[in-house]
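This report describes the fold of one chain, the contact between two chains and the surroundings of selected residues. The sequence and structure are shown first.

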Number of protein chains: 2
Amino acid sequence: MSGSFPQDSVGLVESQHMHFDESLRLDCGRELPAYGLTYETYGTLNATASNAVLVCHALSGDHHAAGYHDASARKPGWWEACIGPGKPLDTNRFFVVCSNNIGGCHGSTGPTSNNPDTGQPYGADFPMVTVRDWVRTQARLADYLGIARWAAVAGGSLGGMQALQWAIDQPDRVGHAVVIAAAPRLSAQNIAFNEVARQAIRSDPEFHDGRYAARGERPRTGLMLARMLGHITYLSEAAMGAKFGRDRRGSGEGEHGDYGFNYDVEFEVESYLRHQGQSFVDRFDANTYLLMTKALDYFDPAADFGGDLERALGSTRSPFFVASFTSDWRFPPAASREIVRALLDTNRRVSYAEIRADHGHDAFLMPVPRYQAVFSAYMARVAEEVGA
Amino acid sequence: MSGSFPQDSVGLVESQHMHFDESLRLDCGRELPAYGLTYETYGTLNATASNAVLVCHALSGDHHAAGYHDASARKPGWWEACIGPGKPLDTNRFFVVCSNNIGGCHGSTGPTSNNPDTGQPYGADFPMVTVRDWVRTQARLADYLGIARWAAVAGGSLGGMQALQWAIDQPDRVGHAVVIAAAPRLSAQNIAFNEVARQAIRSDPEFHDGRYAARGERPRTGLMLARMLGHITYLSEAAMGAKFGRDRRGSGEGEHGDYGFNYDVEFEVESYLRHQGQSFVDRFDANTYLLMTKALDYFDPAADFGGDLERALGSTRSPFFVASFTSDWRFPPAASREIVRALLDTNRRVSYAEIRADHGHDAFLMPVPRYQAVFSAYMARVAEEVGA
């Protein structure tokens, strides 16, 4: 069966689930009486459990980071570019773990899960979660898997923020922190985009204050708008220009006189965005989207230290690999450089790569050769260090 | 009464209206049997009618470009920074005219006007309009006002595109073209943002395919979302950061632990955006917003010349003043430079100013000293030229 998958893919994978029957106190002050984490692993844990790498997912990601769920699956996991035999997170050497975050909608406990107190889905009653909460749950998963210390904790975007938080909150359990296309905190513009997305969802008449599931409805329109908007911020202007430009759609192609002069799709970029929005609605939950955007807004490790990022990083012990992409305007290189500077100022070891790429923020998901090369080189040293 | 207004303001102004009882053939192929233009004028037309300047408004602007509608008006016209005694468009020298575009919602014939065929508001039946259509209507207004030739046609953003189109379509009637914070065409990213705004409006259940007025409803939510989104693109990331940063709103101010962990406003930038969106809904029509975004998408004078902007500009005869702002990411300096390059390549006289300003696209509306200085210097030469 694995013959049908690319040689450098981990191939067929299965999700696993772990139920934690201990309560979890959250940053928001509320408590989850119990919760479950859905996760996947790739590669083999060695005898000393020294070769484990935790991968953290971004806003709309999940635990399916690599490989295929069945032989007919059209798309592999979201970080297929970086996880697999011979890839940066080389599954011939590392044991890679990726879990769906709590609050998510792909298996871990979240708004679509049943609330044990009511027997009904949590929906809007699911508590707000933070990046620190995720680190706590992932630490328990590490305990369960017998991993005392990760060779590395890695992620891109919101996943990179989790890697950063791991290094701060659990310094003894992090060998290396790999922080890609991330930021030490959201900018006002980032928050503004999140707020428009939230308003789009929350003002959808089928949102019903988050209790749409109980009515058999879904705020499809609002979630579609949120995703369309998000997508614009994931791509660079140049990438959008190169991919679509002002290319026209369908029969109306040609000169000025041939416009449709109506609200049907006239430009390819409109068609692309509508498709992105519509297909997202079928695979994502609106309450989860809201929670993830709030976790992003709240993330700000320096805030507990009077805004001093250097002090916030004072507890870390791991070396860092930080990478950014030149055309990323969501979390631009300047945001990564701020992390790097604070790490250097507090005398941490840090490797920084600012990678020329036209794809915008989404570059962290893509097989950009220079990115794969520097990431591979860094992880090869990590592998040697841990005897993987 | 004028004593209550700033010395450098045109003070109290009144709108005028001109009804044109001739039909107008539009680019979309449809015809308006008749139409009206609401406009304002500032300053005095000289005996030879050589000192008239046409000002063109942007997406959400209107004919009220300067001065105040009554003594208690809190806000002056939208280009108060540049129109008035001693300002770049010096009303001691120039006779400044600004009309509301057809398709608009502030007096000129548009979706909220009555369709003479039905006696009901046009609503969604109002035809699509283009920048070229606006030039045609403004040319008729010039005829009516006895202005054979404008000393200058000027505008920012979509207004700058109108100035460019005037120079192309009516070369004998344009003394100078003043094109500020504009672009020769929208980028894929620009179209993408417009498309999200349109989807927000059109998917609002109270939109009713644009026939909301007949039902006494309005797509308030959709229009609010469109405006919130637009507003993000009008401000630079730096300006938003400087103005709001991660400043917190209300009682929840302080450290991480003090977040509200709910969907109320937590950051100042959220409050600002909601306010911008909500107040816009009270003064703007959703069908007009849709029309204006489409006029933007369609604008592409080079398209009729196989994409060759230089050839598109071949018909122009006027010198140009082109200005852009360094932090404008909606229509960035590169877009203005493309216009300048094409003008130079076709041997037109062009003055170009790339102005350092942190305000983003909205800088063209603001009293940025360097902007006012170069704009004033240019217009002073125009005034001398026409004996104003």
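In which loop of chain B does B:D209 lie? B:D209 lies in the loop between α3 and α4 of chain B. The helices and strands named here are DSSP runs, helices being H or I over at least four residues and strands E over at least two, numbered from the N terminus. This is a predicted model, in which local features need pLDDT of at least 70 and side-chain atom pairs count only at pLDDT 80 or more, while totals for chains, interfaces and linings use all residues. Residues are numbered from 1 along each chain as its sequence is written, and chains are lettered from A and ligands numbered from 1 in the order in which they are written.

**Chain A**

The secondary structure of chain A consists of 10 helices and 12 strands. Chain A has a radius of gyration of 21 Å, close to the 21 Å that the globule rule gives for 388 residues, so chain A is as compact as a globular protein of that length. The radius of gyration is taken over C-alpha atoms, and the globule rule is 2.2 Å times the number of residues to the power 0.38. Along the principal axes, the C-alpha atoms of chain A fill a box of roughly 70 × 55 × 50 Å.

Of the 388 residues of chain A, 55% are classed as buried. A residue is buried if 20 or more other C-beta atoms lie within 10 Å of its own, exposed if 12 or fewer do, and partly exposed in between, with C-beta atoms placed from the backbone. Two residues are in contact if their C-beta atoms, placed from the backbone, lie within 7 Å. Among contacts in chain A between residues at least 6 apart in sequence, 71% link residues at least 24 apart.

**The two copies and their contact**

A turn of 180° with a shift of 0.0 Å along the axis lays chain B on chain A with an RMSD of 0.0 Å. The two copies are thus related as by a two-fold rotation axis. Such copies are superposed by least squares on the C-alpha atoms of residues with pLDDT of at least 70 in both. The same surface serves both copies, since 100% of the contact residues of chain B recur in chain A.

In the contact between the chains, 41 residues of chain B meet 41 residues of chain A. On the side of chain B that touches chain A, the elements giving two or more residues are α3 (188–202), α4, α5 (237–243) and α6 (268–281) of chain B. Of these, α3(B) gives the most, with 11 residues. By class, this side of chain B has 23 nonpolar, 8 polar and 10 charged residues. Here Ala, Val, Leu, Ile, Met, Phe, Trp, Tyr, Cys and Pro count as nonpolar, Asp, Glu, Lys and Arg as charged, and the others, Gly among them, as polar.

Helix α3 (residues 188–202) of chain A and helix α4 (residues 220–234) of chain B have axes that come within 10 Å and cross at roughly 170°. This makes α3(A) roughly antiparallel to α4(B), a term for angles over 145 degrees. Axes are lines fitted to C-alpha atoms, for helices over the stretch in contact, and angles run from 0 to 180 degrees between N-to-C directions. From α3(A), the contact is made by A:Q189, A:A192, A:F193, A:V196, A:Q199 and A:A200, and from α4(B) by B:L225, B:M228, B:L229 and B:I232. By class, the contact of α3(A) with α4(B) has 8 nonpolar, 2 polar and no charged residues.

**Selected residues**

The table gives C-beta neighbours inside 10 Å.

| Residue | C-beta neighbours within 10 Å | Class |
|---|---|---|
| B:G156 | 29 | buried |
| B:S157 | 27 | buried |
| B:F267 | 23 | buried |
| A:G67 | 22 | buried |
| B:D209 | 9 | exposed |

B:G156 belongs to strand β9 (residues 152–156) of chain B. Leaving aside neighbours within four places in sequence, B:G156 is in contact with B:A58, B:I180, B:A181, B:F364 and B:L365. B:G156 and B:A58 are 98 residues apart in sequence, yet 6.6 Å apart in space, C-alpha to C-alpha.

B:S157 is placed in the loop between β9 and α2 (158–169) of chain B. The phi of B:S157 is positive, near 60°, in a residue other than glycine. B:D209, also not a glycine, has a positive phi of about 55°.

B:F267 is found in the loop between α5 and α6 of chain B. Not counting residues up to four places away in sequence, B:F267 touches A:I191, B:F244, B:R246, B:D247, B:R248 and B:R249.

A:G67 sits in the loop between β5 (52–56) and β6 (83–84) of chain A. Among the contacts of A:G67 beyond four places in sequence are A:S9, A:V10, A:Y42 and A:P76.

Conventions:
Parallel < 35°, antiparallel > 145°, perpendicular 65-115°, else oblique.
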